[in-house]
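Open the model in your viewer and keep the selection tool at hand. This tour moves from stop to stop, saying what to select and what is there.

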Amino acid sequence: MTSLDASLTAALGKRSADQIEKGLGLRTVGELLAHYPRRYVPGGELSDLGDVEIGEVATVVARVSSATWLPYKSGNGTRLVVRLEDGSGSLQAVFFAKKPVPYWTRTLRPGERLLFAGTVERFGKNLQLKTPLFQSLTARGGGDDEIDPALLSGPLLPLYPATAKLPSWTILLSIRILLDSVEIDDDPLPASLRQEHGLPDLLTALHQVHRPQTHADVQSARHRLTYDEALALQTALAQRRAAADRLPAVARPAISGGLLASFDAALPFTLTAGQESVGRELAADLSREHPMHRLLSGEVGSGKTVVALRAMLQVVDAGGQAALLAPTEVLAAQHLRSLRDLLGPLGQAGELGAADQATAVTLLTGS
């Protein structure tokens, strides 16, 4: 059996491992199994050629409607023009050679169903693939390069993010080999947590995303794999928060009869219940001897600036300074006007007409 930490060289052999590492930069079994399909096409139907875009490295499933060798008038070489169809659209594939290539003639025959991978270009009014990689999906029973159609069988055929030299089906076949041998002894998520959230175990999720039988399998796998990513991120953030909570900070407790109290008394409106509730939480955090970490969210016009200003005034009352950061100088200037308008005489320290408990509001910019 193979572990997720095993090297691709050990699991697939040097030739395949080197091809994947060079094309995708992946080196371990776990890294390749985390290279998830970009989309799926029904195994019994042809892919929609209308999805391709100019400049895209596209992988399509299509049927050859015509294949014609056209010599150049100069006599210097020839080209094979292959028309591909899927019932809803068409695409042209062009191959260049000094003389007709028997293998191309034999494989790219009208009626054949194949996988094609290449960069989509525009030639005149047509979209085309220039010398794309291709692989027959028709069983022939011969040749080392032949893909066993049974390996590509199934209700849904996954198509992977690929490169011009590493087509989707090469990735698919390598992943199918790994799925048959990989073993996961310890699932990162305990069984109780999986049961609570209706999540499959990791090995099942990998089979579902790479070898799905139904679209429900795909959704189940994505639910589990997305949960893993979110859990890893949230765990890292929780560790950072826990580490930050151990750092020292100067406590800035609220005081009675200070600048904040004067500001509240001069407000021409009543604070909303939400503003008061959030204000109490911020006041409690600022009173601790550890840094505060808060994300305040609200609709435009909900009064976030007033909430921030009240927290700043608590800090000023406790002998500190406060900065309201803005991403641009224009926005910083707007905040300066807003704070001065809200504070009135309370923000005019050193000026005529300033209140007895006034503070100064200053604009500092990068320029």
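## Stop 1: two helices side by side

Remember that this is a predicted model. Select helix α10 (residues 273-286) and helix α11 (residues 304-317): their axes come within 10 Å and cross at roughly 30°. Angles under 35 degrees count as roughly parallel, and α10 and α11 are therefore roughly parallel to each other. The crossing of α10 past α11 is right-handed.

Now show the side chains at the contact. From α10, pick Q275, V278, G279, L282, A283 and L286. From α11, pick V307, R310, A311, Q314 and V315. Colour them by character: seven are nonpolar, three polar and one charged.

## Stop 2: another partner for α11

Keep α11 and add helix α9 (residues 259-266). These two helices pack at an angle of about 145°, and their axes are 8 Å apart. On the α9 side, select L259, L260, F263 and D264. They meet L309, R310, L313, Q314, V316 and D317 in α11. Sort the residues of this contact and you get six nonpolar, one polar and three charged.

Look again at R310 and Q314. Both belong to the contact of α11 with α10, and both also take part in the contact with α9.

## Stop 3: a helix pair elsewhere

Clear the selection. Pick helix α5 (residues 168-179) and helix α7 (residues 202-210), whose axes come within 11 Å and cross at roughly 150°. Do they run roughly parallel or roughly antiparallel to each other? Angles over 145 degrees count as roughly antiparallel, and α5 and α7 are therefore roughly antiparallel. Their crossing is left-handed.

The contact residues come next. Show I175, R176 and L179 in α5, then L206, H207 and H210 in α7. This set divides into three nonpolar, two polar and one charged.

## Stop 4: strands β2, β3 and β4

Move on to the strands. Select β2 (residues 57-71) and β3 (residues 78-85). Eight bridges join them, and they run antiparallel. For one bridge, highlight S66: its partner in β3 is R83. The two strands form a hairpin with six residues between them. In that turn, click G75, which has a positive phi of about 80°.

Add strand β4 (residues 90-97). It is joined to β3 by eight bridges, again in the antiparallel sense. Stay on R83, whose bridge partner in β4 is Q92. R83 is thus a point to centre on, with S66 as a partner in β2 and Q92 as a partner in β4. Between β3 and β4 lies a hairpin with four residues between the strands. Its turn holds G87, with a positive phi of about 95°.

While the strands are on screen, keep one rule in mind. In a regular strand the side chains alternate between the two faces of the sheet.

## Stop 5: strand β5 and its neighbours

Return to β2 and add strand β5 (residues 113-123). The two pair in the antiparallel sense over seven bridges. Where is R63 placed? It stands opposite R113 in β5.

Next, bring in strand β6 (residues 126-130). It pairs with β5 over four bridges, in the antiparallel sense. F123 has N126 as its bridge partner in β6. The hairpin of β5 and β6 has two residues between the strands, and G124 takes a positive phi near 65° there.

Then add strand β7 (residues 133-136). Four bridges join β5 to β7, and the two run antiparallel. Select L115 and Q135: L115 stands opposite Q135 in β7.

## Stop 6: aromatic rings

How many aromatic pairs does a search of the whole structure find? It finds five. For one of the pairs, select W69 and W104. Their ring centres are 6.1 Å apart and their planes are at 10°, so the pair is stacked. This pair links distant parts of the chain: W69 sits in strand β2 and W104 in helix α4 (residues 102-107), 35 residues apart.

Notes:
Residues are numbered from 1 along each chain as its sequence is written. This is a predicted model: local features need pLDDT of at least 70, side-chain atom pairs count only at pLDDT 80 or more; totals for chains, interfaces and linings use all residues. Side-chain values use heavy atoms; hydrogens and water are left out. Axes are lines fitted to C-alpha atoms, for helices over the stretch in contact, and angles run from 0 to 180 degrees between N-to-C directions. Angles under 35 degrees count as roughly parallel, over 145 as roughly antiparallel, 65 to 115 as roughly perpendicular and the rest as oblique. A crossing is left-handed if the near helix is turned anticlockwise from the far one by less than a right angle, and right-handed if clockwise. Contact means heavy atoms within 4.5 Å. Ala, Val, Leu, Ile, Met, Phe, Trp, Tyr, Cys and Pro count as nonpolar, Asp, Glu, Lys and Arg as charged, and the others, Gly among them, as polar. Two strands pair if DSSP finds at least two bridges between them. Rings of Phe, Tyr and Trp (its six-membered ring) pair if their centres lie within 6.5 Å; planes under 30 degrees apart count as stacked, over 60 as edge-to-face and the rest as tilted.
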